[in-house]
Amino acid sequence: MRKISLIFIFVAAFYGAKAQWGTAQHATPRTIPSQFHLPDGGGGNGFLTENFNMTACGLNYTAGSVRIETRYNPQTYYQSPYWGYGFGQGSNSALNISGAFGGCKSIVKAYMYWTESALTGSQTQQNLTYTDPLGNNHTVTGTVIGDGSSKCWGELYTWTVRADVTNDVVADGSYTMQSITGVSNPNWEVDGVTLIVIYQDASATYEGTISLNDGNISRSPGLASFTASNFNVCDTPILGRGFIIASDLQSNAGPDHMSINGDAFNSPLLFWEDDDILTTYSTGQTTADFSIQTNGDCYTMAVAGVYYQTACLGC
C-alpha cells in the first residue's frame, strides 16, 4: 500500500508540473507558492481601482507604447519626430515588446490600453486591429473602463479603454496598430496605445509582485492622485519599479510634475506616456502614492502600477 501511494504521489507531481508550465507559451502558471486574485476588475470614473494583482516565482512584465493622435501635431510642427501618425502608418503606428518570450517564459496576462477624446457616435465597445511581429492580424475588443472630465478639446467624453489580449500576443517585436472601429474619428480621438505583457520565467530565482490599477482620472488642469494598496512587501526588494500611463501631457503646456511611490520627476511631455521608473519599496510597505500635477495642462491618468522582486518565497 505504501508503495502504491508513493507511485501515485510521483505521478501526480509529474503531471502537475507539466500542467503548471505546459508546452504552450500561453500557459497560465499557478505555481505554489504564489498568490493570484482580482483578474479583470479595475476601472473607475474619476478614480483608479485594482485590475490585476499577482505574486509568483519569476513574475515580471514588459510594455511598449505608440502615440496615435494627430490633433496636436499642428501645435508641435517643430517636434515632428514625436508626432502621432494615426493608425495604419507602418512603423509610425507600431509599439515594441521585448523580453516576454523565449527560454522558460510563459505569458500570464496581457492588456492593451488606449485613451481617447471621444466625439459623438463613438461607442463604449471598440474593435482594434493590429499586426503582430509574425505578420498575423488580430482584432481585439476594447471596453471603456473609465470616463473622465474634458481634456479641453471640446470632446463629448474622455475615455480609458482596455482590451484583454492575453491570447493575441505571440512574440517579441513590433505590434502595428492598423485600424479601429467604434470610434468616430480614430486618428483625432485616440491618444495612443500601450501593451502591457505580464509573464513568468520558470528559471528565475526571485519572487515578483505586480499590482495593476486602472480607470480614468482627468483634470483640466490640476492634481490627480491615487494610492495603490493590496500588497505587502515581505522583505527588502531586490528590484522595485513603478509606472503611470497618462495622456495629453503637452510640450507647450509644461512643466508637468509626476510622482511614483513618492519619487518626484517631471513629465517628458510626450502626449502619450508610459512613465516607468526605478523606485525603492521598503519591508512592510503596503501602499504607494502616485500623482500628476499640472498648472495649465489638461490630461488623463489611466493606469498606475507597482512592481517589486523579493526572495521571500525561496523560488
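1. Which cysteine forms a disulfide with Cys-57? The partner is Cys-315, and the two sulfur atoms lie 2.2 Å apart. This note concerns a predicted model, and the disulfide of Cys-57 and Cys-315 is taken up again below, after a few words on the chain as a whole.

2. On the overall picture, the protein has two helices and 18 strands, and of its 315 residues 51% count as buried. Among contacts between residues at least 6 apart in sequence, 78% join residues at least 24 apart. The accessible surface comes to about 12900 Å², and 52% of that surface belongs to carbon and sulfur atoms.

3. The count of disulfides in the model is three. A disulfide is a covalent bond between the sulfur atoms of two cysteines. When the bonded cysteines are numbered in sequence order, the pairing reads 1-6, 2-4, 3-5.

4. To return to the pair of the opening question, Cys-57 and Cys-315 are joined by a left-handed link, with -85° about the S-S bond. Cys-57 lies in strand S2 (residues 48–57), whereas Cys-315 lies in the segment after strand S18 (299–310), so the disulfide ties together parts that are 258 residues apart in sequence. The two ends also have their own accessibility classes: Cys-57 counts as buried because its relative accessibility is 14%, under the 20% cut-off, while Cys-315, at 31%, counts as partly exposed.

5. A further disulfide is formed by Cys-152 and Cys-298, whose sulfur atoms are 1.9 Å apart, and this link is left-handed, with -70° about the S-S bond. Cys-152 sits in the loop between strand S7 (137–148) and strand S8 (157–164), and Cys-298 sits in the loop between strand S17 (288–293) and S18, so that the pair ties together parts 146 residues apart in sequence. Cys-152 counts as partly exposed, at 47% relative accessibility, whereas Cys-298 counts as buried, at 8%.

6. The remaining point on disulfides concerns Cys-234 and Cys-312, which are joined with an S to S distance of 1.7 Å; with 105° about the S-S bond, their link is right-handed. Distant parts of the chain are linked here, as Cys-234 is in the loop between strand S12 (223–228) and strand S13 (239–249), and Cys-312 is in the segment after S18, 78 residues apart. Cys-234 is partly exposed, at 37% relative accessibility, and Cys-312 is likewise partly exposed, with a relative accessible area of 34%.

7. Another cysteine that may be looked up in the model is Cys-104, which counts as partly exposed because its relative accessibility is 42%, in between the cut-offs of 20% and 50%.

8. Is Asn-60 buried or exposed? Asn-60 counts as buried, because its relative accessibility of 11% is under 20%, and this residue is found in strand S3 (residues 59–67). The side chain of Asn-60 makes a polar contact, at 3.0 Å, with the side chain of Tyr-206. Leaving aside neighbours within four places in sequence, Asn-60 is in contact with Val-197, Ile-198, Tyr-199, Tyr-206, Arg-241, Tyr-307 and Gln-309. Tyr-206 thus appears both in this list of contacts and as the partner in the polar contact of the Asn-60 side chain.

Methods
Residues are numbered from 1 along each chain as its sequence is written. This is a predicted model: local features need pLDDT of at least 70, side-chain atom pairs count only at pLDDT 80 or more; totals for chains, interfaces and linings use all residues. Side-chain values use heavy atoms; hydrogens and water are left out. Helices (H or I, at least four residues) and strands (E, at least two) are DSSP runs, numbered from the N terminus. Buried means under 20% relative accessible area, exposed over 50%, partly exposed in between (1.4 Å probe, protein chains only). A polar contact is a pair of N or O atoms within 3.5 Å; within protein, one must be able to donate a hydrogen and the other to accept it, and residues adjacent in sequence count only if both atoms are side-chain atoms. Contact means heavy atoms within 4.5 Å. A disulfide is a pair of cysteine sulfur atoms within 2.5 Å. Accessible areas come from the Shrake-Rupley method with a 1.4 Å probe; for residues, only the protein chains shown count as cover.
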